[in-house]
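Hi,

Here is the structure I said I would pass on. Have a look at it first, and then read on for what I found in it.

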Amino acid sequence: MSDFEPFYDVNRTYEDNYAQGPFGAFAQALAGDEAASAASADSGSAATPTATFLGQPVNLAFGIPAGPLLNSRYTTAAFRMGFDLATYKTVRSRAWGCNPFPNVLAVHPKSADGSLTPGSAELDEGVLADTNYDLPISISNSFGVPSQDPDVWQPDMKAAIAAAGPGQVLVPSFQGSRVEGMSEEDYIADHATTARLVKETGAKFMVMNTSCPNEGHNRLLCHNPLLVGRITEAVKREIGDTPLMIKLAYIPNDDDLELMVRSTVGRGTVQGFSTINTISARLVDKDGNQALPGAGRDRSGVCGNAIRGAGLDMVARLAAIREKTGLDFEINGVGGVVSPADYAAYKKVGADSVMSATGAMWDAELARKIKASL
Ligand SMILES: Cc1cc2nc3c(=O)[nH]c(=O)nc-3n(C[C@H](O)[C@H](O)[C@H](O)COP(=O)(O)O)c2cc1C
């Protein structure tokens, strides 16, 4: 692993990654204009794309979800590496700082296959986290969803959209921001404002993140389906018929998940779900002490190989709800995709599209490998 350089360098700060990245194979893909034409040649085999994502034609409905692609240099490099869906990391209505460095650690669950099960005691007792990035890769990420000011991200997102090759689309991700003194109405309005700012960039659709601790320490918006329903109504009033996908964390209870679907898709405000985000765990070092420094960071979200079982379970349950209710929506399967077999597994349980964050960070060739496997 020592000679391998992930395109997001976990040994540098978020700010340095934003200013200097991407690294490794993604940096090489960006170097030189010739790469652009090479990319469109190898980004998809068919002359006419056969798949779609929220109504847009794509070569293969596979790509990278919100997170490691910090700006248009990263998303453009992802396109050139054959990822036909490249998500621009979640933006906000205002500039927002990043949690202190380090933001990423390697995570080592106890089970033989390295998986973590939602609700298991291990998540509260502590999971070993350190800097030994072994494969198959699992990491924690603790960023706090930083954002540039809209004056910075709007023109950059516009450039990112324009850099997509044939059969490729830029996926914008946004979320609302809860700040001190805000009423619930203000909070709802902040989502609508941010959606409008995204739409102004020329976005063809957007993903709204409800899966990060934006409701306070470890509280997720997606655990309040009725509030998500009200927010998506306000967002729809701003963006009209522009398709909206909601990013969900793992939701253990089927009734809660169905309520989420009925309060959004059922009211005509949402056209898809992207799931899952990370699974929260207490992270400890080899001596059992808190692994990430600072208050409020005893727990952090785990992603990568460890959460594939949870992601597949969530997608299968969403597909069953789609079948049961007869409601029409797309499912974007995310969580622990590190190989072509994992892509196939998500498709099998009902995902219309698939994405990989951690797996792609540690294997820049992942999209090409999946295409070669089909
Ligand atoms: C470095 C990093 C940053 C992330 N930032 C975001 C984010 O800003 N918004 C979001 O919705 N998800 C974010 N995520 C979560 C991913 O989109 C994804 O849901 C999660 O990592 C599970 O997929 P994986 O197992 O393929 O990594 C981030 C993930 C990583 C690894």
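A word on terms before the ligand: a polar contact here is a pair of N or O atoms within 3.5 Å. Also keep in mind that this is a predicted model.

With that cut-off in hand, start at Gly336, where a backbone N or O atom lies 2.7 Å from an oxygen atom of the ligand. Because the limit is 3.5 Å, that pair counts as a polar contact. Gly304 also uses its backbone: one of its polar backbone atoms is 2.7 Å from an oxygen atom of the ligand. Thr90 works through its side chain instead, with a polar atom 2.6 Å from a ligand nitrogen. In total 22 residues surround the ligand, and the closest are Ala66, Thr90, Gly304, Gly336 and Thr358.

Now the fold. Eight strands form a closed barrel, in the order E3-E4-E8-E9-E10-E11-E14-E15, with parallel pairing. From one strand to the next, the twist averages 25 degrees. For a close look at one pair, take E4 (residues 85-91) and E8 (residues 169-174): they run parallel and are joined by five bridges. Within that pair, Tyr88 stands opposite Pro172 in E8. Helix H6 (residues 150-162) packs on the sheet and touches both E4 and E8, and its direction makes about 175 degrees with that of E4.

There is antiparallel pairing too. Strand E7 (residues 138-141) is joined to E5 (residues 104-108) by three bridges, antiparallel, and Leu105 has Ser140 in E7 as its bridge partner. E7 also pairs with E13 (residues 299-304), again in the antiparallel sense, over four bridges. There, Asn141 has Gly301 in E13 as its bridge partner.

What about the inside? In soluble globular proteins, nonpolar side chains tend to be buried together. The largest nonpolar core here has 103 residues, and Phe26, Phe62, Phe83 and Phe273 have the most contacts inside it. Helix H10 (residues 308-325) gives the most to this core, with seven residues. Phe83 is worth clicking on: leaving aside neighbours within four places in sequence, its contacts include Phe26, Phe62, Ile64, Gln168, Asp363 and Leu366. Apart from that core lies another, of twelve residues, among them Val58, Ala61, Leu85 and Met355.

Helix H4 (residues 72-80) is mostly covered, with eight of its nine residues buried. Among the buried ones are Ser72, Tyr74, Phe79 and Arg80. At the start of H4, a side-chain oxygen of Asn71 reaches to within 3.1 Å of the backbone nitrogen of Arg73. After H4 comes Gly82, which has a positive phi, near 90 degrees.

One last residue: is Thr269 buried or exposed? Thr269 lies in the loop between helix H9 (254-264) and strand E11 (272-275). Its relative accessible area is 5%, so Thr269 is buried, given that buried means under 20%. Its side chain makes a polar contact with the side chain of Thr232, at 2.9 Å. Not counting residues up to four places away in sequence, Thr269 touches Thr232, Glu233, Lys236, Leu244, Ser263 and Thr264.

Over to you, and shout if anything is unclear.

Cheers

Notes. Residues are numbered from 1 along each chain as its sequence is written. This is a predicted model: local features need pLDDT of at least 70, side-chain atom pairs count only at pLDDT 80 or more; totals for chains, interfaces and linings use all residues. Side-chain values use heavy atoms; hydrogens and water are left out. Two strands pair if DSSP finds at least two bridges between them. Helices (H or I, at least four residues) and strands (E, at least two) are DSSP runs, numbered from the N terminus. Axes are lines fitted to C-alpha atoms, for helices over the stretch in contact, and angles run from 0 to 180 degrees between N-to-C directions. Contact means heavy atoms within 4.5 Å. A nonpolar core is a set of buried Ala, Val, Leu, Ile, Met, Phe, Trp, Tyr and Cys residues joined through side-chain atoms within 4.5 Å. Buried means under 20% relative accessible area, exposed over 50%, partly exposed in between (1.4 Å probe, protein chains only). A residue is near a molecule or strand if one of its heavy atoms lies within 4 Å of it. A polar contact is a pair of N or O atoms within 3.5 Å; within protein, one must be able to donate a hydrogen and the other to accept it, and residues adjacent in sequence count only if both atoms are side-chain atoms.
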